[in-house]
Amino acid sequence: MIYMIDELFFKLHEGLPRQGPGSDKSTQKALELVTLQTEHPSILDIGCGPGMQTRLLARRFPGGTVTALDTYAPFLDQLNSEAEKEGLENIITREGSMFDLPFDTESFDLIWSEGAVYIMGFSEGLSEWKKFLKPGGFLAVSEIAWIQDNPPPELRKFWEEKYPAITTAEDNISRIIREKYVPAGYFILPPEDWFTHYYTPLETKIAQWTGDGPMSEQLLAMEKEEISLFRKFSDWYSYAFYVMKKMD
Ligand code: SAH
């Protein structure tokens, strides 16, 4: 079987509990920065992936509804089957793109997006998604950040090629203010958030991978390099979680 690199990427990533750094503990911590006026909120989770955080949101707000959107249907299938096992009935999965959200304006009390706003760009996501929030609604996003000055050249080169927009949390907080949200708080994800549900299960899949060919080798080499850089340099970067409020 011959795959394109994107297909290979998805084959390698399918079935993982998360598709980026994070944990229920961090989702919970971010939720503590959100103050909603209702116990029946309408929530949108953008780039939900397999939906570990979607399920936590649905559990936290049993009287609310969580719409979980992703472009990749197999992730939505994974989320639906986990939600069914748990007996959660307030999740609606929706195949679609964050670039063209199929919702009415001012539909949501809360928009959530872990490890996915980078696909549009931080400021672009904040700017484009704001119209879908009700006045006074909240937006919570997580995004990679430098957490120390002067990253080693090897590390800077890797991330500036992979994600040229990588910056500090301070810069992103300035963007939050520039986009006219009120910052409610932020925090840095601990290193275990990269490993427990993401890099460790990904390493198991890499070890079991049976595909071959140059594309496969290139992909596995890139993934291994990313993981080994984090092992070596996690003092310099992590993900940051930002919570903000749309002005009334
Ligand atoms: N929030 C999840 C997944 C993060 S990975 C978690 O933390 O585990 C980024 C996700 O964005 C992937 O699931 C990917 O399929 C999805 N994605 C990629 N392009 C997208 C787009 N244009 N619109 C919506 N989702 C997209």
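**Notebook: Gly63 and the salt bridges**

I began with Gly63, which I found in the loop between helix H3 (52-60) and strand E2 (65-70). I note at the outset that I am working from a predicted model. For this glycine I read a relative accessible area of 41%, and so I entered Gly63 as partly exposed.

I then looked up what lies around Gly63. Leaving aside the neighbours within four places in sequence, I found Gly63 in contact with Glu39 and His40. I also checked Pro41, which is 22 residues from Gly63 in sequence, while the C-alpha atoms of the two residues are 7.5 Å apart in space.

Next I turned to the charged side chains. Side chains of opposite charge can pair when their charged atoms come close. Searching the whole structure for salt bridges, I got 13, and I looked at several of them in turn.

The entry for Glu114 and Arg18 records a salt bridge between their side chains, at 2.6 Å from N to O. This pair links distant parts of the chain, for the partners are 96 residues apart, with Glu114 in strand E4 (residues 108-114) and Arg18 in the loop between helix H1 (5-13) and helix H2 (24-31). Are these partners buried or exposed? I have Glu114 at a relative accessible area of 9%, and because the cut-off for buried is under 20%, Glu114 is buried. Arg18, with a relative accessible area of 4%, is buried as well.

For Lys157 and Glu161 I noted a salt bridge with an N to O distance of 3.4 Å. Where do the two residues sit with respect to each other in helix H6? They are four residues apart in that helix (residues 153-162), and therefore Lys157 and Glu161 are separated by about one helical turn. Since exposed means over 50% relative accessible area, I put down Lys157, at 54%, as exposed, and I put down Glu161, at 58%, as exposed too.

I also looked up Lys131 and Glu128, whose side chains meet in a salt bridge at 3.5 Å, again taken from N to O. Here I found Lys131 partly exposed, at 38% relative accessibility, and Glu128 likewise partly exposed, with a relative accessible area of 35%.

Which residues are linked in a network of salt bridges? I wrote down Arg55, Arg59 and Glu86 as linked in this way, and with that network I closed the entry.

Key. Residues numbered from 1 in each chain as written. Predicted model: local features only at pLDDT ≥ 70, side-chain atom pairs only at ≥ 80, totals over all residues. Heavy atoms only, no water. Buried < 20%, exposed > 50% of the residue type's maximum accessible area, 1.4 Å probe, protein only. Contact = heavy atoms within 4.5 Å. Salt bridge = Lys/Arg side-chain N within 4 Å of Asp/Glu carboxyl O.
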